[in-house]
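Student: I am new to this structure and would like a close look at one part of it. Could you start with a sheet and then show me what lies around it?

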Amino acid sequence: MTIELTPLEGCVLLKPRVFNDDRGYFFESYNQQTFNELTGTNTTFVQDNQSFSSKGTLRGLHLQKGEHAQAKLVRVVKGEVLDVAVDLRPGSATYGQYYGARLSEENQHQLFVPRGFAHGFVVLSDTAIFAYKCDNFYNKASEGGLHYADPSLNIDWILPADVLQTSEKDRILPYLADVQEPFF
């Protein structure tokens, strides 16, 4: 596995070594020791989640606030997505900036999104199976997020706005300028 640094400190792209042959492929998708060595963290994941979505589905930008904040290791099992992390760490040199990466079943890349970030993705293929690990348990009372179309973030979701499918919950999330207290 190799690591590629992103412009957002702590947010890294992981590229596994994939072994292909005439039968298909094999790769190690996660090894805690290797992960912690490459990222310089001591992260222990406690929860795995998976979703299935159709083209244009946009999920995000989500986060867990305060003591329930979560780091995530995200990947695509089937299909392709644009995955986005937004730095919301108070005092960070890249506060309010985002990083986007195409994750797919072909490239097998994974994005590590540390605590202190909002996260979301949009499905670029006909369908996608998206899987992720969290280092803290979900807590409904600590849900938070930002509106995916916040003009201050200026995220290029690749697909036209009129084809994006979002939940009512995501459509009413606040813009960064309207957030009164830090999330973290």
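Student: In what order do the strands of the open sheet of five strands stand, and is their pairing parallel or antiparallel?

Tutor: Happy to walk you through it! This is a predicted model, in which local features need pLDDT of at least 70 and side-chain atom pairs pLDDT 80 or more, while totals for chains, interfaces and linings use all residues. Residues are numbered from 1 along each chain as its sequence is written, and side-chain values use heavy atoms, without hydrogens and water.

The five strands of your open sheet stand in the order 9-8-11-6-13, and their pairing is antiparallel. Strands here are DSSP runs of E with at least two residues, and helices are runs of H or I with at least four, numbered from the N terminus; two strands pair if DSSP finds at least two bridges between them. Strand 9 (98–104) and strand 13 are at the edges with a single partner strand each, so one side of each has no neighbour in the sheet. From one strand to the next, the twist averages 30° (angles run from 0 to 180 degrees between N-to-C directions of lines fitted to C-alpha atoms).

Look now at the pairing of strand 9 with strand 8 (residues 80–87), which is antiparallel and extends over seven bridges. To find your place there, pick out Asp-83, which stands opposite Ala-101 in strand 9.

Next, follow strand 6 (58–64), because this sheet strand also borders open space. Strand 6 contributes five residues to the lining of the largest pocket, the most of any element. The other elements that supply at least two lining residues each are strand 5, strand 11 (117–123), strand 12 (127–134), strand 13 (143–145) and helix 2 (168–171). Of the 27 residues that line this pocket, Arg-59, His-62, Lys-72, Tyr-132 and Lys-169 lie nearest its centre. (On a 1 Å grid over the protein atoms alone, a pocket is an open set of points with protein on both sides within 12 Å along at least five of seven lines, a cavity is a set where a 1.4 Å probe fits but cannot get out, and lining residues have an atom within 4 Å of a point.)

Strand 6 turns up again at the largest cavity, where its three residues make the largest share of the lining. Strand 6 and strand 11 each give at least two residues to this cavity. Among the residues around the cavity are His-62, Leu-63, Gln-64, Phe-117 and His-119, together with Lys-72 and Phe-184.

Strand 5 and strand 12, which you met at the pocket, belong to another open sheet, one of six strands with antiparallel pairing and the order 1-2-10-7-12-5. Its edge strands are strand 1 (2–5) and strand 5 (47–54), each pairing on one side only. Neighbouring strands of this six-stranded sheet are turned by 25° against each other on average, with direction ignored.

At one end of that order, strand 1 pairs with strand 2 (residues 12–15) in the antiparallel sense over four bridges. Glu-4 is opposite Leu-13 of strand 2 in this pairing.

To finish, the count of salt bridges comes to ten (a side-chain nitrogen of Lys or Arg within 4 Å of a carboxyl oxygen of Asp or Glu). One of them joins Lys-133 and Asp-48, whose closest N and O atoms are 3.3 Å apart. Lys-133 is in strand 12 and Asp-48 in strand 5, so this pair ties together parts that are 85 residues apart in sequence.
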